[in-house]
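The following paragraphs lead through a protein model from its overall form to a few individual residues. Please keep the sequence and the structure in view while reading.

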Amino acid sequence: MTKTIGLTGGIGSGKTTIANYFQSKGIPIYIADDEARKIMQSDVVIQAIKKTFGEAIFDNNILVRPKLAEIVFNDSEKLKQLNAIIHPAVKEHFKHWLAEKKDFPYIIYEAAILFESGSYKNFDLIISVTAPLDIRIQRIIKRDKTSREHILKRIQAQWTDEQRISKSDFVIENIDLEFAKQKTDEILKILKIKQKES
């Protein structure tokens, strides 16, 4: 049976870079945030978002994501409401995706809020990607062209690295990419040993 591995990390930790590295090694990767973006364009989800958040966050019937982000990252109750719309749809999509990958010994599910959503309980193993706060902030400023204040708000809405580490089976510190890749290779070796033992 395919083992499911959750891969997570705070915003700016570089978890997608690590996910891509796992993928380069032939492991199927499910990027939950990417799939959620696609799902948010489906008619059913758009109608649910309109009903909950109103027409003001739409422009010509197209969801203006920054407007929605501004609402949910400033109001934890609104974030819960959005997650209640998106998460069940992503969960259903993942179930079908996983069924197609049944010939693989393991797959990786990458999500930013694996712990916050409680979905970490559904995985056989958890890998957390960490990086110092200053490095994370620099990466996000460079990537999103946004303010430090806005980034800190988003970081405060997530678990801390310490909280994630306490519930993870493996941790990849991603300050130097080559070092992070070495750590990833070590994890892959351990997974292969576990696979032989099971």
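A strand, as the word is used here, is a DSSP run of E of at least two residues, and strands are numbered from the N terminus. By that reading Glu110 is found in strand β5, a placement to which the account returns once the whole chain has been described. The model is a predicted one, and every value below should be read with that in mind.

Taken as a whole, the protein chain has a secondary structure of nine helices and seven strands. Its C-alpha trace spans about 55 × 40 × 25 Å along the principal axes. The radius of gyration is 17 Å, which agrees with the value near 16 Å that a compact globule of 198 residues would have. Of the contacts between residues at least 6 apart in sequence, 73% join residues that are at least 24 apart. Buried residues account for 40% of the 198 residues, while the chain exposes about 11,500 Å², of which carbon and sulfur atoms supply 52%. As for charge, there are 32 positive and 27 negative charges, and their mean positions lie 1 Å apart.

Helix α1, which comprises residues 15–24, offers a good place to begin looking inside. Its buried residues are Lys15, Ile18, Ala19, Tyr21 and Phe22. These cover an arc of only 160 degrees around the axis, and therefore lie on the same side of α1. The background to such a pattern is that an α-helix has 3.6 residues a turn, so residues three or four places apart point the same way. The cover over the buried residues of α1 includes the strands β1 (3–9), β2 (29–31), β5 (106–110), β6 (125–130) and β7 (170–173), together with helix α9 (177–197). Just after α1, Gly26 takes a positive phi of about 90 degrees.

Strand β5, one of the elements in that cover, brings us back to Glu110. How buried or exposed is Glu110? Its relative accessible area is 1%, and because anything under 20% counts as buried, Glu110 falls in that class. Leaving out residues up to four places away in sequence, Glu110 touches Leu7, Lys15, Thr16, Ala19, Tyr30, Ile31, Ala32 and Asp33. Lys15 and Ala19 in this list are also among the buried residues of α1. The C-alpha atoms of Glu110 and Gly6 are separated by 6.0 Å, although the two residues are 104 apart along the chain.

A second buried position to follow is Trp97, which lies in helix α5 (residues 76–100) and has a relative accessible area of 14%. Beyond its neighbours within four places in sequence, Trp97 is in contact with Pro28, Ile29, Tyr30 and Ile107. Tyr30 thus recurs, being one of the residues that Glu110 touches. Between Trp97 and Pro28, which are 69 residues apart along the chain, the C-alpha separation is 10.0 Å.

Two loop residues provide a contrast with these interior positions. Asn60, in the loop between β3 (58–59) and β4 (62–63), has a phi near 55 degrees, a positive value in a residue other than glycine; at 70% relative accessibility, Asn60 counts as exposed. Lys145, for its part, sits in the loop between α6 (133–144) and α7 (148–156). The phi of Lys145 is positive as well, at about 50 degrees, although Lys145 is not a glycine, and with a relative accessible area of 69% Lys145 is likewise exposed.

How values were computed:
Residues numbered from 1 in each chain as written. Predicted model: local features only at pLDDT ≥ 70, side-chain atom pairs only at ≥ 80, totals over all residues. Heavy atoms only, no water. Helix = DSSP H or I, 4+ residues; strand = E, 2+ residues; numbered from the N terminus. Rg over C-alpha atoms; globule rule 2.2 N^0.38 Å. Buried < 20%, exposed > 50% of the residue type's maximum accessible area, 1.4 Å probe, protein only. Contact = heavy atoms within 4.5 Å. Areas by Shrake-Rupley, 256 points an atom, 1.4 Å probe, with all protein chains shown as cover. Lys, Arg positive; Asp, Glu negative; His and termini not counted. Charge placed at Lys NZ, Arg CZ, Asp CG, Glu CD. Arc of directions from axis to C-beta.
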